[in-house]
Amino acid sequence: TSGRAYVVGGWYNGSEAIGDTDIYDGASKSWSKGASLNVPRRLHGVAATEDGTVFVFGGWARGQSNDDGDGGECDSAERYDPNSNTWSMITSLPAPACATACAIGDACYIFAWGSEGQKPTAASSGGFYRYDPHTNAYESLGQLPLERWFGFAVTAHEGVLYVIGGIVNGRWTGRAFAYHVAERAWEEIPSMSYVRRRTAALCIDIPCITSV
């Protein structure tokens, strides 16, 4: 494959949020360094639109108004242009939050994590937004279906966003929801067989095999 994988920011050595961008090239089977984020962060959302542009939303960073020395939830967001290898600031999230994100076509969907209850913020119930790169603006899609929900996995496939697992009000959960983009409607789907947090999810197409 000639695709690229981007690893952006994160929690380094259990002591600091970093702004590094590491890029894996499938054609050369090698890693390279990209430009660093303007705001080093962890627990942020990242998504790539169909034109290959990468976006980062929110997270936990130092220098925030609710910073206790370890950092605080931030509302800043950034755009990476792979052609010029540059990060630039875009319109901030409507409220500071750690987040998960994914993209469908040329739009990004941001799931703001609910607060653990230690430091409630404007997004403590979990905000849900659509970001339009063409207008550099957010549209609020309402709240997440569960309050104080965080640590969940997000993936997208054929116009449906799936949000799975995590913690709700301090308790691990196996509940899962599908958001139908065209209908703008949530649907609760069957729960996983056991509770799970800080997990990851992925959708793939399974070829249809016809027996002869």
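**Entry 1: the three-strand sheet**

I started at phenylalanine 150 and looked up who sits across from it: the bridge partner is isoleucine 167, in strand 17. This is a predicted model, so I keep that in mind for everything below. Strand 14 and strand 17 (residues 167-168) run antiparallel, and I found 2 bridges between them. Next I traced the sheet they belong to. It is open, has 3 strands in the order 14-17-18, and pairs antiparallel. At its edges I noted strand 14 (149-150) and strand 18 (171-172), each of which pairs on one side only.

**Entry 2: the four-strand sheet**

Then I went to the open sheet with the order 10-11-12-13, where 4 strands pair antiparallel. Which strands stand at its edges? Strand 10 (99-104) and strand 13 (137-143) do; each has a single partner strand, so one side of each has no neighbour in the sheet. I also checked the twist: ignoring direction, neighbouring strands here are turned by 25° against each other on average. Inside the sheet, I counted 4 bridges for the antiparallel pair of strand 11 (residues 107-112) and strand 12 (residues 127-132). One phenylalanine faces another there, as phenylalanine 111 has phenylalanine 128 of strand 12 for its bridge partner.

**Entry 3: around strand 19**

I wanted to know how enclosed strand 19 is. Of its 5 residues, 4 are buried, so the rest of the structure largely encloses this strand. Strand 16 (residues 160-164) pairs with strand 19 over 5 bridges, antiparallel. Strand 20 also runs antiparallel to strand 19, again with 5 bridges. I followed phenylalanine 177 across both pairings. Valine 163 stands opposite phenylalanine 177, and in strand 20 the bridge partner of phenylalanine 177 is glutamate 188. The hairpin of strand 19 and strand 20 has 4 residues between the strands, and in it arginine 184 takes a positive phi near 55°.

**Entry 4: salt bridges**

How many salt bridges does the structure hold? I get 6. I wrote up three pairs and a network.

First, glutamate 78 with arginine 41: their closest N and O atoms are 2.8 Å apart. Glutamate 78 is in strand 8 (residues 77-81) and arginine 41 is in the loop between strand 3 (30-34) and strand 4 (45-48), so the pair ties together parts 37 residues apart in sequence. Buried or exposed, I asked of glutamate 78 and arginine 41? Both are buried.

Back to arginine 184, the hairpin residue with the positive phi. Arginine 184 forms a salt bridge with glutamate 139, and here the closest N and O atoms are 2.5 Å apart. Arginine 184 is in the loop between strand 19 (176-180) and strand 20 (185-189), while glutamate 139 is in strand 13, so this pair ties together parts 45 residues apart in sequence. I looked up the exposure too: arginine 184 is partly exposed at a relative accessible area of 47%, and glutamate 139 is partly exposed at 29%.

Glutamate 188 came up again as well. Its side chain meets that of arginine 175 in a salt bridge (2.8 Å, N to O). I placed glutamate 188 in strand 20 and arginine 175 in the loop between strand 18 and strand 19; they are 13 residues apart, and the pair links distant parts of the chain. Glutamate 188 is partly exposed, with a relative accessible area of 41%, and arginine 175 is partly exposed, with 32%.

Last note: Asp20, Asp22 and Lys33 are joined into one network by salt bridges that share partners.

Note on methods
Residues are numbered from 1 along each chain as its sequence is written. This is a predicted model: local features need pLDDT of at least 70, side-chain atom pairs count only at pLDDT 80 or more; totals for chains, interfaces and linings use all residues. Side-chain values use heavy atoms; hydrogens and water are left out. Two strands pair if DSSP finds at least two bridges between them. Axes are lines fitted to C-alpha atoms, for helices over the stretch in contact, and angles run from 0 to 180 degrees between N-to-C directions. A salt bridge is a side-chain nitrogen of Lys or Arg within 4 Å of a carboxyl oxygen of Asp or Glu. Buried means under 20% relative accessible area, exposed over 50%, partly exposed in between (1.4 Å probe, protein chains only).
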